[in-house]
Amino acid sequence: MQHLLPIFRGYVCRVHCSSEHFRLQLEKMVAATAEFRRVFSAFDRDADGKISAAELRLCMKAALGEDMSAEEAEALVSSADTDGDGLLDEEEFTKLAVQLEMGDEEERCRGLMEAFRMYEMEGEGRITPASLKRMLSKLGSHQGIEECQTMICRFDLDGDGVISFEEFKIMMDA
């Protein structure tokens, strides 16, 4: 019976972490959708359900303090205008915002990969309890292997006892 305890703990950890991850992702999507609607409404100055290049320029200046030329605004609108009316409806605006965010996400992923490599240390593309322990010690936090295993378990979604880069990204978003 005692030999089944680690297996049971691992299973409970995976189920809890997986459901928690999906709940967090769903909450983020709902929040992002509400935020996109709010931003769209703010950019849609004349409340016609569409954003023109002129409205986009005004709002970029007001919201971000960025001057955008008429040509840049037209090009941005044109890049996302799927129905060809020269305006952005809410769906087109959301797709544009997501595309722009994806560029930011790529930059964020590069930074996360650098951090991940510091912790993995073994060149195998995973953070083990031993590599986590070594890095934490370098940072002045002396943890035992058991404590490192517990930390890893919280985000080890596939139950292999290590943190992959995908799991590391999820952990950093939590």
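**View 1. The cysteines C59 and C148 in the predicted model.** C59 is buried, at a relative accessible area of 5%. C148 is also buried, and its relative accessible area is 0%. The coordinates come from a predicted model. A disulfide is a covalent bond between the sulfur atoms of two cysteines. A search of the whole structure returns zero disulfides.

**View 2. Overall chain.** The secondary structure amounts to seven helices and zero strands. In sequence order the pattern reads α-α-α-α-α-α-α. The chain has 174 residues, of which 26% count as buried. Its exposed surface is about 11300 Å², and carbon and sulfur atoms supply 58% of that area. Among the contacts in the chain with a separation of 6 or more, 41% are between residues 24 or more positions apart.

**View 3. The largest nonpolar core.** In soluble globular proteins, nonpolar side chains tend to be buried together. The largest nonpolar core here contains 14 residues, and F43, I51, L56, L88 and F93 touch the most other members. At least two residues of this core come from each of α1 (5-43), α2 (53-64), α3 and α4. The largest share, four residues, is supplied by α2. For L88, leaving aside residues up to four places away in sequence, the residues touched are F40, G49, K50, I51, V77, A80, D81, F93 and L96.

**View 4. The second core.** A separate core of 11 residues includes F116, I127, C148 and F168. Of these, C148 has a relative accessible area of 0%, so C148 counts as buried.

**View 5. Aromatic rings around F43.** A pair of aromatic rings is described by the distance of the centres and the angle of the planes. Four aromatic pairs are found in a search of the whole structure. Ring pairs join F40, F43 and F93 into a cluster. F43 and F93 are also among the residues that touch the most other members of the largest nonpolar core, and both F40 and F93 are touched by L88.

**View 6. L87 in the loop between α3 and α4.** L87 sits in the loop that runs between α3 (70-80) and α4 (90-120). Is L87 buried, exposed or partly exposed? L87 is partly exposed, because its relative accessible area is 24% and the partly exposed class lies between 20% and 50%. Not counting residues up to four places away in sequence, L87 touches K50, I51, S52, V77, D81 and E92. One of these, I51, is 36 residues from L87 along the chain, while the C-alpha atoms of L87 and I51 are separated by 5.5 Å.

**View 7. A47 in the loop between α1 and α2.** A47 is placed in the loop between α1 and α2. The phi angle of A47 is near 55°, a positive value in a residue other than glycine. A47 is exposed, with a relative accessible area of 65%.

**View 8. Helix α5 and the residue G140.** Helix α5 covers residues 129-138, and P129, S131, L132, M135 and L136 are buried in it. Why do these residues lie on the same side of α5? They cover an arc of only 160° around the axis, and therefore fall on the same side of α5. G140, just after α5, takes a positive phi of about 95°.

Note on methods: Residues are numbered from 1 along each chain as its sequence is written. This is a predicted model: local features need pLDDT of at least 70, side-chain atom pairs count only at pLDDT 80 or more; totals for chains, interfaces and linings use all residues. Side-chain values use heavy atoms; hydrogens and water are left out. A disulfide is a pair of cysteine sulfur atoms within 2.5 Å. Buried means under 20% relative accessible area, exposed over 50%, partly exposed in between (1.4 Å probe, protein chains only). Contact means heavy atoms within 4.5 Å. Rings of Phe, Tyr and Trp (its six-membered ring) pair if their centres lie within 6.5 Å; planes under 30 degrees apart count as stacked, over 60 as edge-to-face and the rest as tilted. A nonpolar core is a set of buried Ala, Val, Leu, Ile, Met, Phe, Trp, Tyr and Cys residues joined through side-chain atoms within 4.5 Å. Accessible areas come from the Shrake-Rupley method with a 1.4 Å probe; for residues, only the protein chains shown count as cover. The arc is that of the directions from the helix axis to the C-beta atoms.
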